Amino acid sequence: MNASYSFKQFTLPALCLLMLTQAGCFGGSDQLETAEVHGKVTYKGEPLEMGTVTFIPEGPGKSAAGEIQKDGTYTLTTYTKGDGATIGKHGVMVISERDTSNLPAESAEANVDLSLIPEKYSMSPKTSGLTAEVKEGDNEINFDLEE
């Protein structure tokens, strides 16, 4: 009877450990598969020097965003830096506004239209007219914005 008790003592903790390990490896995350996405945003043929690109999935999933660099390039992040966007179709928004952080709030210059591009691109994916499809692997997706 002592051997049987010893076996039960061992198997219960081992079973619990096994269950925790399995949950962590196979079902503990609700993250969808992503693929790398990078590209360049231009406006009237010139690189957009600042702003944010946001991909909003048409189906389930979390939005991805990336900061536009001085040369117009961007890299998207969904869960961890540079991991891209979820695979599938997305509506896209681009926001680019003048930097007024060095101006006093009461300044007339700080209170004028801040957008560097037509507002339709920043209001919603429907008004922007921009779409993208993210596929497995590396995705280069460029946007040339017009008036």
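Is Ser 115 buried or exposed? In this predicted model, Ser 115 is buried, with a relative accessible area of 18%. The cut-off for burial is under 20% relative accessible area, so Ser 115 falls on the buried side of it at 18%. The report below begins with the overall fold and returns to this residue later.

## Overall architecture

The secondary structure of the chain consists of three helices and eleven strands. Their order along the sequence is α-β-β-β-β-β-β-β-β-α-α-β-β-β.

The chain has 147 residues, of which 30% count as buried. About 9700 Å² of the chain is exposed, and carbon and sulfur atoms supply 55% of this area. Among the contacts with a separation of 6 or more, 63% are between residues 24 or more positions apart.

## The nonpolar core

In soluble globular proteins, nonpolar side chains tend to be buried together. Here, the largest nonpolar core comprises 22 residues. Those with the most contacts inside this core are Val 41, Val 53, Phe 55, Tyr 74, Val 94, Phe 143 and Leu 145. Two or more residues come from each of strand S2 (37–43), strand S4 (51–57), strand S5 (64–68), strand S8 (88–95), strand S9 (130–134) and strand S11 (143–145).

The surroundings of Val 41 illustrate the packing. With residues up to four places away in sequence not counted, Val 41 touches Val 53, Tyr 74, Val 94, Phe 143 and Leu 145, and also Glu 46, Pro 47, Leu 48, Ile 68 and Gly 72.

## Aromatic pairs

Two aromatic pairs are found in a search of the whole structure. One of the pairs joins Phe 55 and Phe 143 in an edge-to-face arrangement, with 6.1 Å centre to centre and 75 degrees between the planes. Phe 55 belongs to strand S4 and Phe 143 to strand S11, so this pair ties together parts that are 88 residues apart in sequence.

Both partners are buried: Phe 55 has a relative accessibility of 0%, and Phe 143 has a relative accessible area of 6%. Ring pairs also bring in Tyr 74, linking Phe 55, Tyr 74 and Phe 143 into a cluster.

## The salt bridge and Lys 44

Side chains of opposite charge can pair when their charged atoms come close. The structure holds one salt bridge, formed by Glu 147 and Lys 44, whose closest N and O atoms are 2.9 Å apart. Glu 147 lies in the segment after S11, while Lys 44 lies in the loop between S2 and strand S3 (46–47), so the pair ties together parts that are 103 residues apart in sequence.

Both ends of the salt bridge are exposed: Glu 147 has 60% relative accessibility and Lys 44 has a relative accessible area of 52%. The backbone of Lys 44 is also notable, with a positive phi of about 55 degrees although this residue is not a glycine.

## The loop holding Thr 78

Thr 78 is found in the loop between strand S6 (73–75) and strand S7 (85–86). This loop residue is buried, with a relative accessible area of 4%. Its side chain reaches the backbone oxygen of Gly 84 at 2.6 Å.

Neighbours within four places in sequence aside, Thr 78 is in contact with Asp 83, Gly 84, Ala 85 and Thr 86, and likewise with Thr 34, Lys 62, Ser 63 and Ala 64.

## The loop between S8 and H2

Ser 115 lies in the loop between S8 and helix H2 (120–123). A polar atom of the Ser 115 side chain is 2.5 Å from the backbone oxygen of Ile 117. Leaving aside neighbours within four places in sequence, Ser 115 is in contact with Ser 96 and Glu 97.

Leu 114 is placed in the loop between S8 and H2 as well. Leu 114 counts as partly exposed at 24% relative accessibility, whereas Ser 115 is buried. With residues up to four places away in sequence not counted, Leu 114 touches Ser 96, Glu 97, Arg 98 and Thr 100. The C-alpha atoms of Leu 114 and Glu 97 are separated by 5.0 Å, although these residues are 17 residues apart along the chain.

Note on methods
Residues numbered from 1 in each chain as written. Predicted model: local features only at pLDDT ≥ 70, side-chain atom pairs only at ≥ 80, totals over all residues. Heavy atoms only, no water. Core = buried A, V, L, I, M, F, W, Y, C linked by side-chain atoms within 4.5 Å. Buried < 20%, exposed > 50% of the residue type's maximum accessible area, 1.4 Å probe, protein only. Helix = DSSP H or I, 4+ residues; strand = E, 2+ residues; numbered from the N terminus. Contact = heavy atoms within 4.5 Å. Polar contact = N/O pair within 3.5 Å; in protein donor to acceptor, adjacent residues only side chain to side chain. Phe/Tyr/Trp six-rings, centres within 6.5 Å; stacked < 30°, edge-to-face > 60°. Salt bridge = Lys/Arg side-chain N within 4 Å of Asp/Glu carboxyl O. Areas by Shrake-Rupley, 256 points an atom, 1.4 Å probe, with all protein chains shown as cover.
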